[in-house]
Number of protein chains: 2
Amino acid sequence: MYRSHNCGELRMEHVGQVITLAGWVAKRRDFGAMTFVDLRDRYGITQLSFNEAYNQDLLNMARGLGREFVIQITGTVTERSNKNPKIPTGDVEIIVESMNILNTSLTPPFTIEEETDGGDDIRMQYRYLDLRRDNVRQNLILRHQVAKHVRQYLDHLNFIEVETPVLIKSTPEGARDFVVPSRMNPGQFYALPQSPQTFKQLLMVSGFDRYYQIVKCFRDEDLRADRQPEFTQIDCEMSFVEQEDILNLYEGMIQHLFKEVKGVDIGTLPRMTFDEAMANYGNDKPDIRFEMTFKYLTDLVKGKGFPVFDAAECVLAICADNCASYTRKQLDELTEWVKRPQIGAKGLVYVFCNADGTYKSSVDKFYSQEDLKAWAEKCGAKAGDLLLLLSGNTAQVRKQMSELRLEMGQRLGYRDKSVFKALWVIDFPLLEQDEESGRWHAMHHPFTSPKPEDMDKLETDPGAIRANAYDMVINGVEVGGGSIRIHDKVLQGKMFKVLGFSEDEARYQFGFLMNAFEYGAPPHGGIAFGFDRLCSLFGGADGIRDFIAFPKNNQGRDMMIDAPSNLDQKQLDELSIGLKS
Amino acid sequence: MYRSHNCGELRMEHVGQVITLAGWVAKRRDFGAMTFVDLRDRYGITQLSFNEAYNQDLLNMARGLGREFVIQITGTVTERSNKNPKIPTGDVEIIVESMNILNTSLTPPFTIEEETDGGDDIRMQYRYLDLRRDNVRQNLILRHQVAKHVRQYLDHLNFIEVETPVLIKSTPEGARDFVVPSRMNPGQFYALPQSPQTFKQLLMVSGFDRYYQIVKCFRDEDLRADRQPEFTQIDCEMSFVEQEDILNLYEGMIQHLFKEVKGVDIGTLPRMTFDEAMANYGNDKPDIRFEMTFKYLTDLVKGKGFPVFDAAECVLAICADNCASYTRKQLDELTEWVKRPQIGAKGLVYVFCNADGTYKSSVDKFYSQEDLKAWAEKCGAKAGDLLLLLSGNTAQVRKQMSELRLEMGQRLGYRDKSVFKALWVIDFPLLEQDEESGRWHAMHHPFTSPKPEDMDKLETDPGAIRANAYDMVINGVEVGGGSIRIHDKVLQGKMFKVLGFSEDEARYQFGFLMNAFEYGAPPHGGIAFGFDRLCSLFGGADGIRDFIAFPKNNQGRDMMIDAPSNLDQKQLDELSIGLKS
């Protein structure tokens, strides 16, 4: 060992001990006869003290230390005259008696501090230096903790972690696969799994009963800001269970994680149907850290001569607490905000609920004080509040209002990242219809089971069939989702028919699963959590990138290792493939 | 929940309780007025009893149950008149009161029993049925246990599990990479990692200090019987440590695993240098469950007129205890065995150490009783033993004798799979020379650090330089290996030169690691364990295949899902690649 202690553990109780530390030079401060060095390792920072009174040679050597040099020192732990209450080791310093420079360093291209001066690109290119920053390292330690407690919880409940294969079979349905040419089977390709879905169902057929895996998955999609081509899932499946069992078990898991990792009691998870979520929040992943739920004013606003509302299928309001003080400028800005193409509203109607009990709105021309009072009452608004109204086609206006609600929540500080509110959204529709082709798609996936009581709608009203499908939502983020699967081959056959798969297509794509289902498939269901997303949520961050050790950029490139890259012709030849120009 | 208990837990204490079970019909036995069904799930087997005296309808229904039907039953736990001491639930049976057939099953293509009638191919094609067999399932449960205890041990020691990327950069050096065409970067490819070697070293540069990962790795090699294109490693790295620290820590890990998983105290691991291993066992992964070490008779046998020995560089003997009773036929067969091309010996010389103190050898024509006695003494042979001698070039004869030693150990029952003997092999040579090209290769990998005291041989005698490299060997199987890495860029430069890399080549292949080393790399080292192999060893098996849920065959095919497979032209076009005919 190059050290007797680490840089985070020395305290007053160690004073007088001769110890050895090793780490990186975080900072050097030179004074007349003295030099102080902050020595950093994964565990913390310890101050080293060099003084010409003790040892002139060592002082000179210390003054040659650059940032990020790796050194090993031996010295005596001493009480500091000038204590630093900001760091755990701040009561002591080390009077250095010998020093060994283990490695030098070029000057890093950015400062290794929480608030670095490095931009995203340079941080990614030098990710190995970026990872020295305490906050980034803490993110990965958090990730490790979350994984550990997931395993602890599931292991304790008799789950078995089973590794499913990475080199599997490509299916043209769904998102795009990454593929791997097979040298030994020329012209053929493996695919990387988008999820272990079929394998976990096969494990249920095998009798594995309670399976989980923290597993890498792959999707060759055009990357949005916060998507990665490789991502990690907590993938779970159980047999002989009903939806209720799964909800309870994973509610327990998230409670366990919050308790162990964050010291937070997240409480019982409310359950909200998909229909309720859409009606009250315009969103199947509602952020319930704050209320501001949708109020339907459609009936109240009609027939008063305001053509926009008269023509609207739906008129929605939200009530922003204590915002009657908004200026004209703020409201104009908000109106512009909802009219941006990303939101797409035609305009914004507002009503001030004044302190004196009067109302002032942008549609005073059409509506009396009595009218506005009725609106305010319907919205539960009190004096000092602001009503914001949008109108239009129900689906569209819900979507727009959802955005506005989240924006107002943000502006009003209701979306505190240190507050966590989780819920289950249940009773998702089984199918959704493609607007152009009119074809029905599985909302979750084609193995999701319909609710038995809705099955009679399969021929008549497929869109009304609810599924035994559920999402876990925390702070407006879908962290997990799953379903009870179809284990009956007759029902599965019907589903494929509704989804427009011919028997051949179904057999080609899911043949091995359908074969397996001929041999005694048990009732089963499961759930998968987005592990990167869950970690970033625990870490109070918006993006997942800093919760992944070596992430890729939006072009799918690893800037540090410069991948992907060209292959030798020899490699291409061996794989029996060629490049198209 | 479809059940109140599982099929492995009911005991005498449950007698009288009404319970619900769900599982698979393992066996049905019909008698006059009764039918017994063995109901199986992951946890065990419970006997169900149907009797016309209780319920004729249920009995009829039971008689319609086929093998592997999935059923749910409710009934009363009752003491069995005919107890089965072979299974934990054998004291009780369930008098079934109601039954629900959850799913039917086709007749499986092989029996779902420990000793199945299914051959390898059919088992792999129907792996989901094969996994229902208790022994195969137990293998995967064992695998889960080993992983769990690895994590437990390393977590406890402050290791952090960090996920390294799967889509990385191809390097033409080393084994062949699997590659992944990038759609977004046309003409470019990712590679799948053969190991996270460079990433774990980068994590050390990042200050991550104690890293591990149980991780999938990939190698596109022509598959030998027991190789898989994707395999799992326990990958570890530490900073500020010396070889001694690593050996101690992972010796602790293997002791922990054997204790927790097998209940075995594997004791302290002896350390053997590579030179000792080669000299005494002819093998750098000696099976030390038995002695039978090599004795060098070269000096004793020369000059007595036996031309073969006189011409030999090396004459080696092993002593097989109590084998003087071997028949002529047995020895002829053994002689044929060593002459097979896989072994390649020219012949086998033997000496019986007779009970009466005389000797009888195949070379009596050349050697006196005195001569043979001297050999026997050198070999520590006692009356009743058999000496087996091989001769030739030292390296070759060691290799041949190693095979013969293992074969004799096998025949004599010394290689008991329930006995575990582990050791460290240390002081490996840093370099090995390619016989044809004369070029030096890194024996471990190009970042392995030489022993400082051997560094003066770098220019003069590279083959004599020992490395800070080590393997853990259990029962003749290399289960893990690692090294202290070079953290100094000057030394690394010298190494690349010896290995014949130009500066450009080194930079192209390892540029990002070499760049990282410019910024304060700490001293570090690590080890990686073959997880599949370790599990099969714990399971007392020869092959790894049954310790992998969904393995591939020797052509790299997954027989169950039929991968790899052809791609659509559209997929190829999107990836900007074409097939070569």
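In which sense do strand 6 and strand 9 of chain B pair, and over how many bridges? Point 6 has the answer; here are my notes.

1. Ground rules. This is a predicted model, where local features need pLDDT of at least 70, side-chain atom pairs count only at pLDDT 80 or more, and totals for chains, interfaces and linings use all residues. Residues are numbered from 1 along each chain as its sequence is written, chains are lettered from A and ligands numbered from 1 in the order in which they are written, and side-chain values use heavy atoms, with hydrogens and water left out.

2. The two copies. A turn of 180° with a shift of 0.0 Å along the axis lays chain A on chain B, with an RMSD of 0.1 Å. That is the relation of a two-fold axis. The superposition is by least squares on the C-alpha atoms of residues with pLDDT of at least 70 in both copies. As for the interface, 100% of the interface residues of chain A are interface residues in chain B too, so the copies meet through the same surface. Contact here means heavy atoms within 4.5 Å.

3. The core. The largest nonpolar core has 127 residues, and the ones touching the most other members are Tyr128(A), Leu192(A), Leu202(A), Tyr128(B), Leu192(B) and Leu202(B). Such a core is a set of buried Ala, Val, Leu, Ile, Met, Phe, Trp, Tyr and Cys residues joined through side-chain atoms within 4.5 Å. Buried is under 20% relative accessible area, exposed is over 50%, and partly exposed is in between (1.4 Å probe, protein chains only). Have a look at Leu192(A): leaving out residues up to four places away in sequence, its contacts include Val166(A), Phe178(A) and Phe218(A), and also Leu167(B), Val180(B) and Leu192(B) from chain B.

4. Helix 5 of chain A. Nine of the nine residues of this helix (197-205) are buried, so it is largely enclosed by the rest of the structure. Helices (H or I, at least four residues) and strands (E, at least two) are DSSP runs numbered from the N terminus. Among the buried residues of helix 5 are Gln197(A) and Lys200(A), alongside Phe199(A) and Leu202(A). In chain A, the buried residues pack against strand 9 (210-218), strand 10 (230-239), helix 14 (503-516) and strand 22 (524-530); from chain B, strand 1 (18-30) and helix 3 (127-130) join in. After the helix comes Gly207(A), with a positive phi near 90°.

5. Strand 1 of chain A. Strand 1 (18-30) pairs with strand 4 (70-79) of chain A in the antiparallel sense over seven bridges. Two strands count as paired if DSSP finds at least two bridges between them. Gly23(A) has Ile71(A) in strand 4 as its bridge partner. Strand 1 also pairs with strand 2 (34-41) of chain A, again antiparallel, over six bridges, and Val25(A) is bridged to Leu39(A) there. Strands 1 and 2 of chain A form a hairpin with three residues between them.

6. The sheet in chain B. Eight strands make an open sheet with mixed pairing, in the order 6-9-10-22-21-20-17-11. Its edge strands are strand 6 (160-161) and strand 11 (271-273), each pairing on one side only. Back to the opening question: strand 6 and strand 9 (210-218) of chain B pair in the parallel sense over two bridges. Ile160(B) stands opposite Tyr211(B) in strand 9.

7. Salt bridges. There are 95 over all chains, counting a side-chain nitrogen of Lys or Arg within 4 Å of a carboxyl oxygen of Asp or Glu. Arg123(B) and Asp546(B) form one at 3.4 Å, N to O. Arg123(B) sits in helix 2 (120-125) of chain B and Asp546(B) in the loop between helix 15 (531-538) and helix 16 (569-574), so the pair ties together parts 423 residues apart in sequence. Both Arg123(B) and Asp546(B) are buried. Asp321(B) and Lys382(B) meet at 3.8 Å, N to O; Asp321(B) is partly exposed at 33%, and Lys382(B) is partly exposed at 43%. In chain A, Asp120(A), Arg123(A), Arg127(A), Asp130(A), Arg133(A) and Asp546(A) are linked in a salt-bridge network.

8. Domains. Chain A is divided into domain 1 (12-103) and domain 2 (290-411), with bounds from an automatic or database domain assignment. Taken over C-alpha atoms, the centres of domain 1 and domain 2 of chain A are 62 Å apart.
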